[in-house]
Each structure stands twice: as C-alpha cells, then as structure tokens.
There are 2 protein chains.
Amino acid sequence: MPKIVDHGERRTELAEAVCRVIARDGVQEVSVRTVAAEAGWSTGTLRYYFTSRAELLASACALVIERVSARIGELRQTGDIRWTVRAALLETMPLDERRRTEETVAFSFLALGLGDPALAAVQRTHFEAMYRLCRSLIDALGDLNLLADNAIPREAAARRLHAVVDGLALQGLARHLDPKEMTAQLDSYLNDLIVPEN
Amino acid sequence: MPKIVDHGERRTELAEAVCRVIARDGVQEVSVRTVAAEAGWSTGTLRYYFTSRAELLASACALVIERVSARIGELRQTGDIRWTVRAALLETMPLDERRRTEETVAFSFLALGLGDPALAAVQRTHFEAMYRLCRSLIDALGDLNLLADNAIPREAAARRLHAVVDGLALQGLARHLDPKEMTAQLDSYLNDLIVPEN
C-alpha cells in the first residue's frame, strides 16, 4: 500500500530545515544539497518540492512570516490594547533563540538579493508584512484616541514605528543591543507614542 | 632599483576591491582568491597584506567607517547645526550608489558572523561608530538647547535616533523605501526632535 504523503507538512519540514541552516551556518550555506542533508532527505526528493535555492529561501521567509503572524493573531484575542501593541512588537524582535532565528532568516536576504529579482521580491514581502503590522497597531491605537501626538498622520506614525522596530531588531541581531536594552528602547518609544494610562 | 611600495595605499586598494565584490556579488563571494582577481593581484601578493577572509572583510568595514567619518568631519566645519545634523545622518544612508555600497558593506556582516568572533567584533565596530555619531549630534543639539524634549536623557535620545537611522537605512537597502521616502522619514523625525527655527 503506498504511503500517504502530506505535501504541506513536507514543505513545512523543509522550510524548517532551511531556517536551521541559515541560523547555524549563515544564508550563504543554503543550497538544495545542504538543506536535503539537514532534513535527512535525498536531493531528488527535495527537488520534487523546491527546484532552486531562491525557492528554498522564499519558503523559509514565508514560514517565519506565517509563524510570527500566528503568534500575534493569538495575542490580539486578549483585551488591553497597550499590552497587545507591546507584545505584538516584541514577537518580531530577536529576544530569545526562537525569535533570533526568525529575525536572522528575515534579514539574511540583505546580504544576497542585489542581482536576483526573485529573492528581492521575497525580501520585500517581509518588510511589507512588518509595515502592515505597524500600521494596524497604529490604527488600533488611533481609533481609541490613544496616540499621544494627534497631529501626525497615521501612515507617518506607522513608518516611524517600523523604522524604530527594525533598527532595534537589527542592532539586537548584531549584538549591539542585548535583549534587555532592546526591550527598554521599545518601551521608551511606546511610552512617548501612547497616551499614558490614568 | 626596487620599486617603492606604499603599503597603506595598497591596503586601501585591496579594501576597495573587497567593497566592490560585496556590492556586486554579495558578501558570500569574498575570499582571498576573488579579491585578488578583482584587484588584479596574485593571491600570493594579497596574502602579504591579508591572510584571511575575516581580515579582508574587516578592512572593507574599516574603510567604510573611515570614509563616512571623513565626509562627516568636513561637514562639521560649517555653521548651522540643524543643517549639519541632517547632512551628517544623510551621509550614513543608502541614498546614491556610493552610499548604497558603503551600507551594503556595513550591514553584510549580519548574514555571516554568528560563529566567527573576529567578524562579530568588526560588525560591532560599525554599530558603535554609528552610536557615537548619533550621541555627538544629540550632544551638539542639547548643548545649544535645541532638543524639543528636554526631559529625555541624552543617551536615550541618541539610542532612539540610532534605531531610527539604522531602520531607515536597512529599509532603503532592502528597497522597501526609496531614497526620497528615506529622506522624508528622516526629516519628519528631525522635525520632532529639534526645536523649530523662529
């Protein structure tokens, strides 16, 4: 009897292997061969799912966006908006091993990608997802009149939040800031962004 | 008669070759062999100056820091502080091909470096230089009572400025923002940071 194969599950398994290779060895080590070895598959079987390095990298980036979004989606179920905004942004920052791996994957395209339009498109996906998150958080705060500066347009507020969070995440990845410093910087920013509780 | 060799000049020449390889092919392509080919040297001669890939990368990063610092140093000779702050920060952002190459070199270490302490140290040098620049600009503004928010400690103001500038530079490198958008975001931030002219 033929084994029933869950193709979605196998693709996820491979994307996870790509993430592990990036986190451990750097994005330059990702290839059909190294990922097959990491996953314990033959390169022939892997090629049934992904035919190029660009597709492998895209799958890893998509997996990271999906997982971070899922965690943030769960957070939004809870009540307090100030808590939710902070918790959502912290999910995108390299504060522990899991998030460090995710951010390494998300930013690793920067070192490649200049010449390859497929990789450049994958990289843009990540930045657009982060901008949309920032914009949705700013909108949620604005709708409740919780933005300290009422004069700033929401798009500008969202872009600035995005720059701050990306800058802190980058500095965390480079170990210029440690997790405590990243969190303190984010808190200081949110403290000025959001109307104080009374 | 033996040729007189200017060793400093030769090291600079090689560091420039490293920068060209990174900008064109990505940091993963930097090796003693590729840089020798780029510079039109034999690998043997190159090894007289740099014995490892880490040393080559470090030389490229040091060259970028030196050149950006030199340009900023010249700016400071002029009068108006508001203009100087803006111009100094713009020198560190990927707004044209030259600055795009410099920023690509400065950030390309992120994709490597996890396992290599020598590369991690080089990368930290870049972030520390940027923080010191931000701190010196905040100090210059503060000393003239030009910081709009007097309550924020200077270290916190400098760290926030650093996060904003790094975030914008990163988003520019990834082509999430174009040069006009990067400049507009920086101007919007400086507009809130600095006391308006009267």
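# Exercises on a predicted two-chain model

A search of the whole structure, which is a predicted model, finds 26 salt bridges over all chains. The exercises below start from this count.

## Exercise 1: a salt bridge within chain A

Task: State which parts of chain A are tied together by the salt bridge of Arg71(A) with Glu102(A).

Solution.
Step 1. Side chains of opposite charge can pair when their charged atoms come close.
Step 2. Check the distance: the closest N and O atoms of Arg71(A) and Glu102(A) are 2.9 Å apart, and the cut-off for a salt bridge is 4 Å.
Step 3. Place the residues. Arg71(A) belongs to helix 4 (residues 53–75) of chain A and Glu102(A) to helix 6 (residues 97–107) of chain A, so the salt bridge joins parts 31 residues apart in sequence.
Step 4. Set this in the whole chain: chain A has nine helices and zero strands, and its C-alpha atoms fill a box of roughly 65 × 40 × 30 Å along the principal axes.

## Exercise 2: the interface of chain B and chain A

Task: Describe the interface between chain B and chain A by its area, its polar pairs and the helices that supply it.

Solution.
Step 1. The size of an interface is often given as the accessible area lost when the parts come together. Here the buried area is about 3200 Å², and carbon and sulfur atoms give 61% of it.
Step 2. Count the residues: 39 of chain B are in contact with 39 of chain A.
Step 3. Look for charged and polar pairs. There are two salt bridges between the chains. In a salt bridge of Arg160(B) with Asp192(A), the closest N and O atoms are 2.9 Å apart. The rule for polar contacts finds eight residue pairs across the interface.
Step 4. Assign the chain B side to helices. Helix 1 (7–25), helix 6 (97–108), helix 7 (117–143), helix 8 (154–173) and helix 9 (179–193) of chain B each supply at least two residues. The largest share, twelve residues, comes from helix 8 of chain B.
Step 5. Sort this side by class: 19 residues are nonpolar, eleven polar and nine charged.

## Exercise 3: two helix pairs

Task: Find how helix 8 of chain A is oriented to helix 8 of chain B, and how helix 1 of chain B is oriented to helix 2 of chain B.

Solution.
Step 1. Two packed helices are described by the angle between their axes and the distance between the axes.
Step 2. For helix 8 (residues 154–173) of chain A and helix 8 of chain B, the angle is about 90° and the axes are 7 Å apart. Helix 8 of chain A is therefore roughly perpendicular to helix 8 of chain B.
Step 3. Name the contact residues, among them His162(A), Leu168(A), His162(B) and Leu168(B). The residues of this contact divide into eight nonpolar, six polar and two charged.
Step 4. Within chain B, the axes of helix 1 and helix 2 (residues 32–39) come within 9 Å and cross at roughly 105°. Helix 1 and helix 2 of chain B are therefore also roughly perpendicular.
Step 5. Helix 1 of chain B contributes residues including Leu14(B) and Arg24(B), and helix 2 of chain B residues including Val35(B) and Glu38(B). By class, this contact has six nonpolar, one polar and three charged residues.

Notes. Residues numbered from 1 in each chain as written. Chains lettered and ligands numbered in written order. Predicted model: local features only at pLDDT ≥ 70, side-chain atom pairs only at ≥ 80, totals over all residues. Heavy atoms only, no water. Contact = heavy atoms within 4.5 Å. Buried area = accessible area lost by both parts, 1.4 Å probe. Salt bridge = Lys/Arg side-chain N within 4 Å of Asp/Glu carboxyl O. Polar contact = N/O pair within 3.5 Å; in protein donor to acceptor, adjacent residues only side chain to side chain. Helix = DSSP H or I, 4+ residues; strand = E, 2+ residues; numbered from the N terminus. Nonpolar A, V, L, I, M, F, W, Y, C, P; charged D, E, K, R; others polar. Axes fitted to C-alpha atoms, helices over the stretch in contact; angles between N-to-C directions. Parallel < 35°, antiparallel > 145°, perpendicular 65-115°, else oblique.
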